[in-house]
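Here's a walk through one protein and its ligand, starting with how far to trust the coordinates and ending with a couple of backbone oddities. Have a look at the structure first.

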Amino acid sequence: MNTTGLNVTGSRLAQLSELTTQVVQDHVLPLAEQVDRDCLWPAHSMQAFAQAGLMGLQVPERLGGHGQGLLGLSMLTEIIGQTCPSSALCFGMHCVGTAVIAAKSTPRQEDKYLRAIARGEHITTLAVSESGSGSHFYLPATQMTAEGDALVVNGSKHFITNGSHADSYVVSVVAQAGEHQLGDFSCLVIDGNTDGLEWMEPWRGFGMRGNSSRGASLSDARVPAENLLGEMGDQVWYVFEVIAPYFLMAMAGTYLGIAQSALDATRAHLRQRRYDHSGGSLAENDVIQSRFAEMWMEVEKTRSLIREAGRRGDLGEADALPFILSCKAQAAETAVSLANEAMTLCGGMAYRDNSRLAQMLRDARAGHVMAPTTDLLKLWTGRALLDLPLL
Ligand SMILES: Cc1cc2nc3c(=O)[nH]c(=O)nc-3n(C[C@H](O)[C@H](O)[C@H](O)COP(=O)(O)OP(=O)(O)OC[C@H]3O[C@@H](n4cnc5c(N)ncnc54)[C@H](O)[C@@H]3O)c2cc1C
């Protein structure tokens, strides 16, 4: 089946998609089951992406990267997500972290982080969520205090994808607790070997079991002041111009990938499952044909919305916002509903202990709770369409 849904034939993005498909086939697929079973962080996938030159997807071309935007990110995470959603999440969050560093990078940040990322020698990731603010990820309490040429960070983050495996973490902080306005925080790159950065217990999730989504505490962690991204305290810009768009497109692609694989698995099962008494297949049943068509329609509607969001976002079109805000909510709903329907249509085969379809349903559920959550995204989409402030 054609899963790109867009005519990108012959383009740089088409080449990257083909390369990603090959890497997934050769390196991601063989260990995908083990990633889920053993909560294995997919080092093999990340190494394979690095060797194929894919880790610099969001690094500007002048720094050795591919200079891709929102559309490219959603297409590559979709390809990976069809086979190993945890690998798609790990790669996607690395790309989101990269985009945040690249948005207002200084020459030093370009040399230390972005060129290394493009060479496949550095993994980064995003650490914004905190237990105190939960899904309201734009309200961190982690504090940053200036001390000479260092910034001293105290606080804790939870659910950090790639946690303890990344070389750096893009962390949201507030300059002084109690004095900041809504959404008024800064972003900072913290190296993985910084003193005072301690990891909490290993991740064991209901789904997305390989993404090492761990919590971490920061106790008097000293970070060079030059690791601050952009200007001190004005980073609400980062939330809506960089963090949210890149995060939403990476996640939309990942969850669309799950929906597509549920559709493919269902199609294969319906055609192959035959009854002794009639010799006919499940695919020959009218009701099943109609239900399968509805599944396909949901996947294609979702893909069209995501492609349109990526296209409009990359072109900087004024009306891109509701497309971008809604596409991850749509993808999460489609992934959960497709995996659920696939479980029904594939019958007992799907219900056996930890089947591939059962894993899809578990992985898909994370889509609703990853912030911005489905509820919040619908709220923001409505506000954007009604010309109201999002926050
Ligand atoms: C697999 C996985 C990977 C993750 N990776 C990362 C990562 O890499 N980096 C990172 O920073 N974070 C990450 N997160 C964290 C995630 O983005 C959220 O911060 C976290 O899941 C919120 O959980 P919570 O229980 O605190 O949510 P809560 O804030 O307690 O929300 C619980 C539910 O209530 C709903 N709710 C809350 N307020 C409202 C309201 N006003 N109106 C309507 N509904 C509301 C929410 O939508 C949600 O459905 C990850 C989470 C998961 C599960």
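First, confidence. This is a predicted model, and the mean pLDDT of the protein is 93, with 94% of its residues at 70 or more. The stretch to be wary of is residues 1-5, where pLDDT stays under 50. The model does have eight contacts beyond four places in sequence for residues 1-5, but where pLDDT is low, the predicted coordinates should not be read in detail.

Now the overall layout. The protein splits into three domains, with these bounds:

| Domain | Residues |
|---|---|
| domain 1 | 12-123 |
| domain 2 | 126-229 |
| domain 3 | 236-385 |

Take domain 1 and domain 3 as a pair. Their C-alpha centres sit 21 Å apart, and 24 residues of domain 1 are in contact with 26 residues of domain 3. On the domain 1 side, α4 and α5 (85-103) are the elements that give two or more residues. The largest share there comes from α4, with 11 residues. As for chemistry, the side of domain 1 that touches domain 3 has 16 nonpolar, six polar and two charged residues.

So how do α4 and α8 sit against each other, roughly parallel or roughly antiparallel? Two packed helices are described by the angle between their axes and the distance between the axes. Here, the axes of α4 (residues 70-81) and α8 (residues 286-315) come within 7 Å and cross at roughly 150 degrees. Angles over 145 degrees count as roughly antiparallel, and α4 and α8 are therefore roughly antiparallel to each other. From α4, the residues involved are Leu-70, Leu-71 and Ser-74, and they meet Ile-306, Arg-307, Gly-310, Arg-311, Gly-313 and Asp-314 of α8. By class, that contact is an even mix of three nonpolar, three polar and three charged residues.

Next, the ligand. There are 23 residues around the ligand, and the ones that come nearest are Ser-129, Gly-134, Phe-159, Thr-161 and Thr-373. Where does the ligand lie with respect to the domains? Domain 2 and domain 3 both give residues to the shell around the ligand, so the ligand lies between them. Looking at secondary structure, β1 (124-127), β3 (150-160), α11 (356-369) and α12 (374-385) each supply at least two residues of the shell. It's β1 that gives the most, with three residues. The shell divides into 13 nonpolar residues, nine polar ones and one charged residue.

Finally, two backbone details are worth a click. A cis peptide bond joins Ala-371 and Pro-372, with omega about 0 degrees. Pro-372 is in the loop between α11 and α12, and those two helices are among the elements that supply the ligand shell. The other detail is Ser-212, which has a positive phi, near 50 degrees, although the residue is not a glycine. You'll find Ser-212 in the loop between β6 (197-199) and β7 (214-224).

Key: Residues numbered from 1 in each chain as written. Predicted model: local features only at pLDDT ≥ 70, side-chain atom pairs only at ≥ 80, totals over all residues. Axes fitted to C-alpha atoms, helices over the stretch in contact; angles between N-to-C directions. Helix = DSSP H or I, 4+ residues; strand = E, 2+ residues; numbered from the N terminus. Parallel < 35°, antiparallel > 145°, perpendicular 65-115°, else oblique. Contact = placed C-beta atoms within 7 Å. Nonpolar A, V, L, I, M, F, W, Y, C, P; charged D, E, K, R; others polar. Near = placed C-beta within 6 Å. Domains from an automatic or database assignment. pLDDT = per-residue confidence, 0-100.
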